[in-house]
Amino acid sequence: MTEPFQAGDLVRYANGGTALTGTYIAERDGMAVIKLDNGYNIGTSPQKIELVGRAAPQPPAGAGVVVQNPDLPELSIISTGGTIASRVDYRTGAVTSQFSASDILRAIPELGDIARYRDRQVASILSENMSPAIWQDLARAVYDEIRHGASGVIVTHGTDTMGYSAAAVRFMLKTPVPVVFVGSQRSADRPSSDNAMNTLCSAAVAAGDLGEVAVVMHATTNDDRCAIHRATRVRKMHTSRRDAFQSVGSAPLGYVDYPSLAVSLSDEAVRRGTGEPELRDALEERCALLQYYPGMPLSVLDAFEGYAGLVLSGTGLGHVSTDWIPRLRDMIEGGTAVVMTSQCLHGRVCDRVYNTGRDLLSIGVIEGEDMLPEVALVKLMWVLGNESDPEEARALMQTDLAGEIQRRSIA
């Protein structure tokens with residue numbers, strides 16, 4: 001190596017008869033780290049690479065002016081830190097998030113054919129750092145954007161906890177326009193990224209006839225369509241697949257074909273213009289979700305002493321060990337609302353079949369019907385934040401408020 005490589009340099013890696021090109025990122029522990037053209041990183045001896053071309057300077061984020069069509073509907077893009085458009089900083093190897101409307105339109109110019117955009121940032125966090133307080137900030141921001149004339153709202157969000165956030169906003173907010181959560185399973189610098197397609201599909205939905213909160217992500221592993229999932233019936237079902245998000249217990253609200261961006265909605269989807277925007281953003285944060293496992297010690301419940309609510313993800317039809325029943329009775333009598341859901345995901349809780357279930361009902365455990373455990377948690381936070389009467393709270397938990405409870409579950 002006659003001179004040091006610089007981050008961003010185009011290099012060629014040669015190993016025997018194999019020659020690959022890529023971008024030089026850095027040297028670590030005597031090894032050169034290269035991002036190959038196929039999107040993967042490798043580490044190799046610096047002696048096995050040669051310079052092809054020096055790094056071209058990247059324009060700063062926000063550089064240049066993007067002209068938007070004033071005749072198109074205006075959508076609001078609210079960022080929480082999820083990547084809707086990004087680029088690689090080869091000095092560090094990191095993918096840098098860009099959330100301004102101009103940045104997004106430069107990265108995905110086809111968005112300009114769908115709508116014009118304004119932007120707002122609520123948070124800049126990894127989604128595992130999401131919290132109920134940020135859910136409240138997000139719901140308020142969405143409500144504010146709708147009140148100020150947004151025809152639809154796109155919320156960019158990390159995928160790991162997007163289902164929680166979408167459900168939380170759905171309980172806090174009644175909306176007459178589409179509110180669409182979207183994320184990316186794979187960063188924008190990878191050839192297999194779902195970034196641009198998900199973003200375009202979310203914009204098509206946000207400009208369309210939907211009138212509720214939804215999650216829009218890849219429907220298959222191919223780049224052929226996205227699914228529109230109801231916010232209270234969706235779960236991330238795979239760590240990395242592009243079609244990780246699935247509707248559970250119900251069919252998707254519709255689909256967006258790609259690349260045509262034609263949106264089709266089911267009869268179950270709430271349509272645009274239904275009602276007026278309404279915000280009820282109180283949440284009771286002293287709630288928890290606990291998944292039961294065989295032999296789980298009773299002492300685990302000590303951690304939830306004094307909590308306002310506890311959602312149990314029980315076995316089968318909604319069970320925990322019979323040894324837990326006296327302690328759960330004491331918690332309920334002490335003012336903790338206890339809701340039973342199932343780890344099975346498909347099907348509904350029915351505590352009337354076996355003795356354990358009937359005993360749980362007799363001490364006041366609330367059946368969670370067919371709610372997803374995480375949705376039941378978010379709903380319990382909202383119900384207890386807005387209703388102080390225990391019996392009214394119980395009734396609300398067993399009432400379908402936002403599509404979270406299905407009269408008949410789909411297997």
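This is a short tour of a predicted model, stop by stop, with something to select at each one.

**Stop 1: the whole chain**

Start with everything shown as a cartoon. You should find eight helices and 23 strands in the chain. Now switch on the surface: its accessible area comes to about 18,300 Å², and 48% of that belongs to carbon and sulfur atoms. Of the 411 residues underneath and around it, 49% count as buried. If you like contact maps, here's one more number: among contacts with a separation of 6 or more, 68% are between residues 24 or more positions apart.

**Stop 2: the largest nonpolar core**

Select Leu111, Tyr117, Val142, Val179 and Phe181. These are the residues with the most contacts inside the largest nonpolar core, which has 81 residues. Which element gives the most to this core? That would be α7, with eight residues. We'll get to that helix shortly.

As a general rule, nonpolar side chains in soluble globular proteins tend to be buried together.

Zoom in on Tyr117 for a moment. Leaving out neighbours within four places in sequence, Tyr117 touches Gln68, Leu75, Ile77, Ala101, Leu105, Leu111, Gly112 and Ala203. Before you leave the topic of cores, select Val320, Ile325, Leu328 and Leu360: they are among the 20 residues of a second, separate core.

**Stop 3: helix α7**

Select residues 373-386. This is α7, 14 residues that reach 20 Å from the first C-alpha to the last, close to the 20 Å expected at 1.5 Å a residue. Is the helix enclosed or open? Of its 14 residues, 11 are buried, so α7 is largely enclosed by the rest of the structure. Colour the buried ones to see this: they are Pro373, Glu374, Val375, Ala376, Leu377, Val378, Lys379, Leu380, Met381, Trp382 and Val383.

**Stop 4: strand β6 and its partners**

Next, pick residues 74-79. This is strand β6, and six of its six residues are buried, so the strand is largely enclosed by the rest of the structure. In a regular strand, side chains alternate between the two faces of the sheet. Show the side chains and look at each face in turn: Glu74, Ser76 and Ile78 sit on one side, Leu75, Ile77 and Ser79 on the other, and all are buried.

Which strands does β6 pair with? One is β9 (residues 116-121), which runs parallel to β6 and is joined to it by six bridges. Select Ser76 and you can find its bridge partner in β9, Arg118. The other is β10 (residues 152-156), also paired in the parallel sense, over five bridges. Here, try Ile78, which stands opposite Val155 in β10.

**Stop 5: aromatic pairs**

The whole structure holds four aromatic pairs. Let's visit two of them.

First, select Phe5 and Tyr24. Their ring centres are 5.3 Å apart and their planes are at 40 degrees, so this pair is tilted. Phe5 sits in the segment before β1 (10-15) and Tyr24 in strand β2 (residues 18-28), so the pair links distant parts of the chain, 19 residues apart. Both Phe5 and Tyr24 are buried.

Then jump to Tyr292 and Trp324. With ring centres 5.2 Å apart and planes at 90 degrees, the pair is edge-to-face. Tyr292 lies in the loop between β20 (287-291) and β21 (309-314), and Trp324 in the loop between β21 and α5 (325-333), so the pair ties together parts 32 residues apart in sequence. Tyr292 and Trp324 are both buried, too.

Definitions and conventions: Residues are numbered from 1 along each chain as its sequence is written. This is a predicted model: local features need pLDDT of at least 70, side-chain atom pairs count only at pLDDT 80 or more; totals for chains, interfaces and linings use all residues. Side-chain values use heavy atoms; hydrogens and water are left out. Helices (H or I, at least four residues) and strands (E, at least two) are DSSP runs, numbered from the N terminus. The expected span of a helix is 1.5 Å times one less than its number of residues. Buried means under 20% relative accessible area, exposed over 50%, partly exposed in between (1.4 Å probe, protein chains only). Contact means heavy atoms within 4.5 Å. Accessible areas come from the Shrake-Rupley method with a 1.4 Å probe; for residues, only the protein chains shown count as cover. A nonpolar core is a set of buried Ala, Val, Leu, Ile, Met, Phe, Trp, Tyr and Cys residues joined through side-chain atoms within 4.5 Å. Two strands pair if DSSP finds at least two bridges between them. Rings of Phe, Tyr and Trp (its six-membered ring) pair if their centres lie within 6.5 Å; planes under 30 degrees apart count as stacked, over 60 as edge-to-face and the rest as tilted.
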